[in-house]
Amino acid sequence: MEPTLEAAINEWHESVNDGDLRRSAGAVGDPVVVLGPKGAGPITSGQFADWVDRSGIRLKPRSWHPVSDRLMVVEEDATWPESKGPTRVATVFRVAEGKVTAALRLPDLKSALELAYICREMAATE
């Protein structure tokens, strides 16, 4: 696992969990590709910071699954302000130049790993 990959994902988690909007915007590329229950696509770093603020989400990493030098799946416990308890999710992270350039949240580890492997193979055949 490349140190910058893990460092970028750690910075992403710390900035999101702290609710630090400026730091969150700085932790991602511009644009950053996102996937979640409300949609998918590229958003600006400012829009990402707005999402951090609106959602109030906190994500506690539970397990790390390297896929390539740029891709990592992280299984997480997610909570929101209205949560009664944590929900287990998994996020596919892509990192470039020390920033998270994609954060694709899926409902479970199996789905996230499948998507990550597909993304890896697509990139390898470009």
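Two strands pair if DSSP finds at least two bridges between them. Helices (H or I, at least four residues) and strands (E, at least two) are DSSP runs, numbered from the N terminus.

The model is predicted: local features need pLDDT of at least 70, side-chain atom pairs count only at pLDDT 80 or more, and totals for chains, interfaces and linings use all residues. Residues are numbered from 1 along each chain as its sequence is written, and side-chain values use heavy atoms, with hydrogens and water left out.

**Exercise 1.** Determine which strands pair with strand 1 and in which direction they run.

*Solution.* Step 1: strand 1 (residues 28-36) runs parallel to strand 6 (residues 99-106), and four bridges join them. Val 34 is placed opposite Ala 103 of strand 6. Step 2: strand 2 (residues 39-43) is antiparallel to strand 1, with five bridges. Here Val 32 faces Ile 43. Step 3: strands 1 and 2 form a hairpin with two residues between them.

**Exercise 2.** Establish which residues of helix 3 are buried and how they are arranged about its axis.

*Solution.* Step 1: with buried meaning under 20% relative accessible area, exposed over 50% and partly exposed in between (1.4 Å probe, protein chains only), the buried residues of helix 3 (residues 45-55) are Ser 45, Phe 48, Ala 49, Val 52 and Ser 55. Step 2: seen down the axis, these residues fall within an arc of 140 degrees, so they line one face of the helix; the arc is that of the directions from the helix axis to the C-beta atoms. Step 3: Asp 53 and Arg 54, on the other side, are exposed. Gly 56 follows helix 3 and has a positive phi, near 65 degrees.
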